[in-house]
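These are my notebook entries on a structure that I had not examined before. I set down what I looked up, in the order in which I looked it up.

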Amino acid sequence: MLDDTALVGRLSYMLAHGVKEGLVERSAEWPGLTCLPQLLGPARRLFRWFIWTKRWSGRTSEYLAAQPGPFAEEWAEPVELELAPLPCWQGLDEEDKQRTVRALLYMKLACAHP
């Protein structure tokens, strides 16, 4: 089990990874999946979950061949990505959590670009 310091360290590492590797200048520029918008504000993130069972259930191969591809909207359902605060941040209000995340980003940015 990780202690509070280790959990914050893991979060800090994840947020700084693209910067540390020289792939982006700032963590906010990362083009892939990231939790940063939610950590810094009230961003709501929806993703499509493709339900393969729904696609294959009771269908013949001939039927499927005539249908849209595997990533068609009819096989998808929206799913919201929800974050839970780190246990050591449970007592912080949203503004304090955001301030703490910004401080982590600033520290890692300073370390990545001396």
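The entries below go from the whole chain to the core, the pocket and a few single residues.

**Entry 1: the chain as a whole.** I noted at the outset that this is a predicted model. I then looked up the secondary structure and found 5 helices and 2 strands in the chain. Read from the N terminus, the elements follow the order α-α-β-α-α-β-α.

**Entry 2: surface and burial.** I looked up how much of the chain is covered. Of its 114 residues, 27% are buried. The exposed area comes to about 8300 Å², and carbon and sulfur atoms supply 59% of this area. I also looked up the contacts between residues at least 6 apart in sequence, and 56% of these join residues at least 24 apart.

**Entry 3: the core.** Which residues make up the largest nonpolar core? I listed 11 residues: V8, L11, L15, C35, L36, L39, L86, W89, V101, L104 and L105. Two or more residues of this core come from each of α1 (4–20), α2 (36–40) and α5 (94–112). I recorded a general remark beside this list: in soluble globular proteins, nonpolar side chains tend to be buried together.

I next looked up one core member, L36. With neighbours within four places in sequence left aside, L36 is in contact with L15, S27, A28, V101 and L105.

**Entry 4: the cysteines.** I searched for disulfides and found 0 in the structure. Is C35 buried or exposed? C35 counts as buried because its relative accessibility is 18%, and the cut-off is under 20%. C88 has a relative accessibility of 30%, so I entered C88 as partly exposed.

**Entry 5: a lysine in α5.** I looked up K97, which is found in helix α5. K97 counts as buried because its relative accessibility is 13%. Which residues does K97 touch, not counting those up to four places away in sequence? I found P85, W89 and L92. One of these, W89, also appears in the list for the largest nonpolar core.

**Entry 6: the largest pocket.** I looked up the space in the largest pocket, which is about 350 Å³. The pocket is lined by 17 residues, and those closest to its centre are Q38, L39, L83, A84 and P85. Two or more lining residues come from each of α2, β2 (76–81) and α5. Among the elements, α5 gives the most to this lining, with 3 residues. I noted finally that L39 belongs to the largest nonpolar core as well.

Methods. Residues numbered from 1 in each chain as written. Predicted model: local features only at pLDDT ≥ 70, side-chain atom pairs only at ≥ 80, totals over all residues. Heavy atoms only, no water. Disulfide = S-S within 2.5 Å. Buried < 20%, exposed > 50% of the residue type's maximum accessible area, 1.4 Å probe, protein only. Core = buried A, V, L, I, M, F, W, Y, C linked by side-chain atoms within 4.5 Å. Helix = DSSP H or I, 4+ residues; strand = E, 2+ residues; numbered from the N terminus. Contact = heavy atoms within 4.5 Å. Areas by Shrake-Rupley, 256 points an atom, 1.4 Å probe, with all protein chains shown as cover. 1 Å grid on protein atoms, 1.4 Å probe; cavity = no way out; pocket = protein on both sides within 12 Å on 5 of 7 lines; lining within 4 Å. Points joined across faces, edges and corners; volume = space filled by probe spheres on them.
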